Amino acid sequence: MKRPTLGLARKLLRLSQGEKISQSQIKAPLVKEMVSEGVLSVQSAGTRKKVYCHDALGLTSYLRNRFGINDLADYINAAADSDLQRSEAVRAASDSKLKRSRSCKGFLVNCCQPLSATLHGEPLQIAPTPGTFTYIHDFEDFIPAPDVDIVGVENSANFRYIECQQSLFPTGKILFVNRYPQSGDLIKWLQLIPNRYLHFGDFDFAGINIYLHEFKPHLGLRAQFFLPDG
């Protein structure tokens with residue numbers, strides 16, 4: 001089943017906040033499935049029925065395990081931004097003066113030792129000071145050295161303190177990357193370069209689901225789910 005639409009996600013957020021919604025206003029197949037699995041409940045009042053959420057944490061857990069959605073509000077903001085981009089694209093097709101814009105293009109990178117790369121064909125050294133990261137906007141023209149392994153870090157805290165976890169990773173040159181949720185820029189970039197990719201995600205169903213459905217199909221044998229030794 002596809003991820004929730006923007007409209008449905010907004011209603012699910014309202015349910016998670018304790019609101020009750022008329023069943024006639026929330027008829028999506030996903031809602032029916034969630035009711036049957038006990039994630040949502042239906043309250044009858046005469047001939048009227050309302051859908052409500054009796055366990056907000058259970059709803060959050062379901063969305064995380066089913067779709068890899070960790071935060072409904074973040075998901076809604078990303079989906080709204082995507083819808084706006086599509087709307088702008090339609091307008092641009094009929095208005096040559098309108099330029100298509102996009103927020104949060106690109107991704108963050110970090111490393112524990114200086115690494116060489118090129119950007120727009122010019123030499124670039126990646127060496128963030130602890131507590132800071134390098135933001136790559138023009139990722140299409142960002143090329144790391146071929147002997148650099150790329151490690152995708154899903155957890156933002158791990159990404160921030162990656163220097164404290166150096167012993168977990170193989171020796172060699174490693175570029176750590178952290179994507180923005182619901183952004184496909186990192187995948188697009190990984191498909192443009194030949195470097196090996198290791199996915200350092202959460203060790204749960206949601207983390208494995210992200211790797212299997214959002215990375216492995218696009219990268220094939222170049223991608224591995226990273227499990228530290230010991």
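**Exercise 1. Which residues line the largest cavity?**

Let's work through this predicted model together, step by step.

Step 1. Begin with the count: the structure holds 1 cavity of 30 Å³ or more. The space in the largest cavity comes to about 40 Å³.

Step 2. Now find the lining in the structure above. Gly152, Val153 and Glu154 belong to it, together with Val177, Asn178 and Arg179, and the list is completed by Leu186, Tyr197, His199 and Phe215.

Step 3. Place these residues on the fold. Strand E9 (149-153), strand E10 (174-178) and strand E11 (197-200) are the elements that give two or more residues to this lining.

Step 4. Sort the lining by class: 5 residues are nonpolar, 3 are polar and 2 are charged.

**Exercise 2. Describe the second largest pocket and the classes of its lining residues.**

Step 1. Take the volume, which is about 150 Å³.

Step 2. Look for the lining residues along the chain. Cys112 and Gln113 take part, as do Gln166, Phe169, Pro170, Thr171, Gly172, Ile174 and Phe176.

Step 3. Sort them: the lining of this pocket has 5 nonpolar and 4 polar residues, with no charged ones.

**Exercise 3. Work out how helix H3 and helix H7 are arranged.**

Step 1. Locate the two helices: H3 spans residues 56-67 and H7 spans residues 205-214. Their axes come within 7 Å and cross at roughly 30 degrees.

Step 2. Turn the angle into a description. Angles under 35 degrees count as roughly parallel, so H3 is roughly parallel to H7.

Step 3. See who makes the contact. H3 brings Arg64, Asn65, Arg66 and Phe67, while H7 brings Phe205, Ala206 and Asn209.

Step 4. By class, the residues of this contact divide into 3 nonpolar, 2 polar and 2 charged.

**Exercise 4. Find where the predictor's confidence is highest and lowest among the elements of the chain.**

Step 1. Get the overall picture: the chain has a mean pLDDT of 84, and 88% of its residues reach 70 or more.

Step 2. Compare the elements. Strand E8 (residues 142-144) has the highest mean pLDDT, 95. The lowest, 66, belongs to helix H4 (residues 72-94).

Step 3. Finish with residues 96-100, where pLDDT stays under 50. For this stretch the model has 5 contacts beyond four places in sequence.

Terms used
Residues numbered from 1 in each chain as written. Predicted model: local features only at pLDDT ≥ 70, side-chain atom pairs only at ≥ 80, totals over all residues. Heavy atoms only, no water. 1 Å grid on protein atoms, 1.4 Å probe; cavity = no way out; pocket = protein on both sides within 12 Å on 5 of 7 lines; lining within 4 Å. Points joined across faces, edges and corners; volume = space filled by probe spheres on them. Nonpolar A, V, L, I, M, F, W, Y, C, P; charged D, E, K, R; others polar. Helix = DSSP H or I, 4+ residues; strand = E, 2+ residues; numbered from the N terminus. Axes fitted to C-alpha atoms, helices over the stretch in contact; angles between N-to-C directions. Parallel < 35°, antiparallel > 145°, perpendicular 65-115°, else oblique. Contact = heavy atoms within 4.5 Å. pLDDT = per-residue confidence, 0-100.
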